[in-house]
Amino acid sequence: MYGKGILKGLRVTWNRFWNTYIEDISWLLRGKKRYFTEEGIKHRSSSATKGIFTVQYPEERLIAPEEMRFVPFLVYDEKPDGKREVRCTSCGICAKVCPPQCIWIVRSNDPNTGRPIPEPTEFYIDVDICMNCGFCAEYCPFDAIIMDHDFELASEGRSVYDMEKLLKPASYYKSIRPVNYELNDAERKAKEAAKAAKAAAAATPAATS
Ligand code: SF4
Ligand code: SF4
């Protein structure tokens, strides 16, 4: 019984070994590169691949699927005058839903009136504790916190990210999650249009009276 299992395993290894050469030659004959190209990595990551399917990290990297989650980042919109508009309103929902409680937010207050301003003064995430669940991004009502694809975060010390480290432009969000970005963008625009229509409707009787 054991001998049969070993033989089966050897057959798999043998097939993979020879298929690697056969595939390499077939790609060469077609004038294509199977290694160090996006096409080659995509093919080796697919179920259609034969022979070797590993990648030579770090020279080659697997193509991250859109829904991949690592640590979160904060989104800001780039205004035409070059200013950054941080989407976060410091509502605190993400900090409340975070299971390991690794988000800290310091809210802003108007220095004159003392009233709260809808933007954070400070925002911290302890990425050593973050368990990459994505709840913060899921519950944020403003699409202000998004799960990143960047996983190469090794450091010698403790990794507590502040606002400067967490902030990334909306164009980056679009580049890593194009489908999600378009959906969120359409939702945001629809909400803004509905709000403008409501405001216009509310202003109409006052204007005519
Ligand atoms: S990231 Fe979103 S959920 Fe968290 S405080 Fe900012 S607006 Fe609220
Ligand atoms: S991904 Fe999960 S654990 Fe990490 S900060 Fe967001 S809610 Fe907290």
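## Burial and overall dimensions

Of the 209 residues in the protein, buried residues make up 28%, a value that, like every other one in this report, comes from a predicted model. The accessible surface amounts to about 14400 Å², and carbon and sulfur atoms contribute 60% of that surface.

The radius of gyration is 25 Å, whereas a compact globule of 209 residues would have a value near 17 Å. Taken along the principal axes, the box filled by the C-alpha atoms is roughly 90 × 45 × 40 Å. Among the contacts with a separation of 6 or more, 61% are between residues 24 or more positions apart.

## Secondary structure

The protein contains 7 helices and 7 strands, and their succession along the sequence follows the pattern α-α-β-β-α-β-β-α-β-β-α-β-α-α.

## Strand E1 and its partners

Strand E1 covers residues 72-78, and 6 of its 7 residues are buried, so the strand is largely enclosed by the rest of the structure. Its pairing with strand E5 (residues 145-147) is antiparallel and rests on 3 bridges, with Pro72 standing opposite Met147 in E5. Strand E7 (residues 167-169), by contrast, pairs with E1 in the parallel sense, over 3 bridges, and here Leu167 in E7 is the bridge partner of Leu74.

Another 3 bridges join E1 to strand E2 (residues 84-86) in an antiparallel arrangement, in which Asp77 has Glu85 of E2 as its bridge partner. The hairpin formed by E1 and E2 has 5 residues between the strands, and within this hairpin Gly82 adopts a positive phi near 90°.

The loop between E1 and E2 also holds Pro80. Is Pro80 buried or exposed? With a relative accessible area of 89%, against a threshold for exposure of over 50%, Pro80 is exposed. The C-alpha atom of Pro80 is separated by 47 Å from that of Trp27, a residue 53 positions away along the chain.

## The three-stranded sheet

An open sheet of 3 strands is arranged in the order E3-E4-E6, with antiparallel pairing. Strand E3 (103-109) and strand E6 (160-161) occupy the edges and have a single partner strand each, so one side of each is left without a neighbour in the sheet.

The pairing of E3 with strand E4 (residues 116-126) is antiparallel and extends over 7 bridges; one of the pairs brings together Arg107 and its bridge partner in E4, Pro120. As a general point on such elements, the side chains of a regular strand alternate between the two faces of the sheet.

## Surroundings of the two ligands

Which residues lie around ligand 1? The shell consists of Cys88, Thr89, Ser90, Cys91, Gly92, Ile93, Cys94, Ile105, Cys140, Pro141, Phe142 and Ile145. By class, this shell around ligand 1 comprises 9 nonpolar and 3 polar residues, with no charged residue. Two of the strands described above contribute to this shell: Ile105 falls within E3, which spans 103-109, and Ile145 falls within E5, which spans residues 145-147.

Ligand 2 is surrounded by 14 residues, the closest of which are Cys98, Cys130, Cys133, Gly134 and Cys136. The shell around ligand 2 is made up of 12 nonpolar and 2 polar residues, and charged residues are absent from it.

Conventions. Residues are numbered from 1 along each chain as its sequence is written. Chains are lettered from A and ligands numbered from 1 in the order in which they are written. This is a predicted model: local features need pLDDT of at least 70, side-chain atom pairs count only at pLDDT 80 or more; totals for chains, interfaces and linings use all residues. Side-chain values use heavy atoms; hydrogens and water are left out. Buried means under 20% relative accessible area, exposed over 50%, partly exposed in between (1.4 Å probe, protein chains only). Helices (H or I, at least four residues) and strands (E, at least two) are DSSP runs, numbered from the N terminus. Two strands pair if DSSP finds at least two bridges between them. A residue is near a molecule or strand if one of its heavy atoms lies within 4 Å of it. Ala, Val, Leu, Ile, Met, Phe, Trp, Tyr, Cys and Pro count as nonpolar, Asp, Glu, Lys and Arg as charged, and the others, Gly among them, as polar. The radius of gyration is taken over C-alpha atoms; the globule rule is 2.2 Å times the number of residues to the power 0.38. Contact means heavy atoms within 4.5 Å. Accessible areas come from the Shrake-Rupley method with a 1.4 Å probe; for residues, only the protein chains shown count as cover.
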